[in-house]
Amino acid sequence: MYRKRVAATLACGLAVAGFGAISPANAAEAAPAAGNVRMWEDPDFTGSQYVDATPANCPDGCDIDGWDGDNEISSVRNETACTIRLYADDNFAGRSVDLAANTNYSNLEQVGFDNDAESFQFVC
Ligand SMILES: [Ca+2]
Ligand SMILES: [Ca+2]
Ligand SMILES: [Ca+2]
């Protein structure tokens with residue numbers, strides 16, 4: 001009985017050691033965690049959420065949907081390491097405003113851009 005338990009403990013220890021040996025390689029390959037940018041219709045991150053994007057799925061900029069989002073965005077959570085450049089018009093045209101990385105904007109009125117954004121780009 002006792003001998004069996006010792007053997008099981010040893011086997012477990014070996015398994016842990018093996019896992020420890022390969023995990024640093026895995027960590028090196030893993031991409032750095034990228035956050036999302038999310039945009040809402042109303043202030044304080046309420047109302048319909050019209051945008052949920054990452055720099056990876058929006059490398060050349062993204063359109064805000066013409067029906068569900070254009071000229072409606074009032075709050076933005078930027079949890080990415082990139083600046084978000086909001087444009088007043090489609091196709092990254094018109095006046096623009098930069099939203100800082102890792103910053104939340106509960107009311108775009110404060111940056112003079114309430115209900116105006118129609119497209120945006122990540123500036124990384
Ligand atoms: Ca709005
Ligand atoms: Ca506009
Ligand atoms: Ca648009």
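Which hand does the disulfide of C82 and C124 have, going by the torsion about its S-S bond? The torsion is about 105°, so this disulfide is right-handed. Keep in mind that what you are looking at is a predicted model. With that said, here is a walk through the chain, its bridges, its ions and its sheet.

**The chain and how far to trust it**

The protein chain carries 1 helix and 8 strands. Starting from the N terminus, the elements come in the order α-β-β-β-β-β-β-β-β. Of the 124 residues in the protein chain, 30% are buried. If you count the contacts with a separation of 6 or more, 64% of them involve residues 24 or more positions apart.

On confidence, the average pLDDT for the protein chain is 84, and 73% of the residues reach at least 70. Residues 7-30 are the stretch to be wary of: pLDDT is below 50 there, and the model gives this stretch 0 contacts beyond near neighbours in sequence.

**The two disulfides**

Back to the cysteines. There are 2 disulfides in the structure, and with bonded cysteines counted along the chain, they follow the pattern 1-2, 3-4. Here they are side by side:

| Disulfide | S to S distance | Relative accessible area |
|---|---|---|
| C58 to C62 | 2.2 Å | C58 1%, C62 19% |
| C82 to C124 | 2.0 Å | C82 7%, C124 72% |

What does the bond between C82 and C124 tie together? C82 sits in the loop between β4 and β5 (83-89), while C124 belongs to the segment after β8, so the pair links parts that are 42 residues apart in sequence. Is each end buried or exposed? C82 counts as buried at 7% relative accessibility, whereas C124 is exposed at 72%. In the other bridge, C58 is buried, with a relative accessible area of 1%. C62 also counts as buried, because its 19% falls under the 20% cut-off.

**Two calcium ions**

Let's start with the calcium ion that is ligand 1. Which residues coordinate it? The donors are E41 (O), E72 (O), S74 (OG) and N115 (OD1), at 2.3 to 2.4 Å. Along the sequence, these donor residues are spaced E-x30-E-x1-S-x40-N. Two of these donors can be placed by their accessibility: S74 is buried at 3%, and E72 is buried too, with a relative accessible area of 19%.

The calcium ion that is ligand 2 has its own set of protein donors: N71 (OD1), A88 (O), D116 (O), D116 (OD) and E118 (OE), which lie 2.2 to 2.5 Å from it. Their spacing along the chain reads N-x16-A-x27-D-x1-E. N71 is in the loop between β3 (62-63) and β4, and E118 is in the loop between β7 and β8 (119-123), so this pair ties together parts that are 47 residues apart in sequence. N71 counts as partly exposed at 35% relative accessibility, while E118, at 13%, counts as buried.

**The open sheet**

Now for the strands. Four of them make an open sheet: the 4 strands are ordered β2-β1-β4-β7, and the pairing is antiparallel. Which strands stand at the edges? They are β2 (46-53) and β7 (103-105); each has a single partner strand, so one side of each has no neighbour in the sheet. Direction ignored, neighbouring strands of this sheet are turned against each other by 15° on average.

Inside the sheet, strand β1 (residues 37-42) and strand β4 (residues 75-78) run antiparallel and are joined by 4 bridges. One residue pair to look for here is W40 and its bridge partner in β4, S75.

**A buried alanine in an edge strand**

A53 is worth a click as well. This residue is found in strand β2, which is one of the edge strands. Is A53 buried or exposed? A53 counts as buried, at 5% relative accessibility. Leaving out residues up to four places away in sequence, A53 touches G35, N36, V37, F120 and F122. For G35, which is 18 residues away from A53 along the chain, the separation between the C-alpha atoms is 8.7 Å.

Note on methods:
Residues numbered from 1 in each chain as written. Chains lettered and ligands numbered in written order. Predicted model: local features only at pLDDT ≥ 70, side-chain atom pairs only at ≥ 80, totals over all residues. Heavy atoms only, no water. Donors = N, O, S within 2.8 Å, 3.2 Å for Na, K, Ca; no water. Buried < 20%, exposed > 50% of the residue type's maximum accessible area, 1.4 Å probe, protein only. Pairing = 2+ DSSP bridges. Helix = DSSP H or I, 4+ residues; strand = E, 2+ residues; numbered from the N terminus. Axes fitted to C-alpha atoms, helices over the stretch in contact; angles between N-to-C directions. pLDDT = per-residue confidence, 0-100. Contact = heavy atoms within 4.5 Å. Disulfide = S-S within 2.5 Å.
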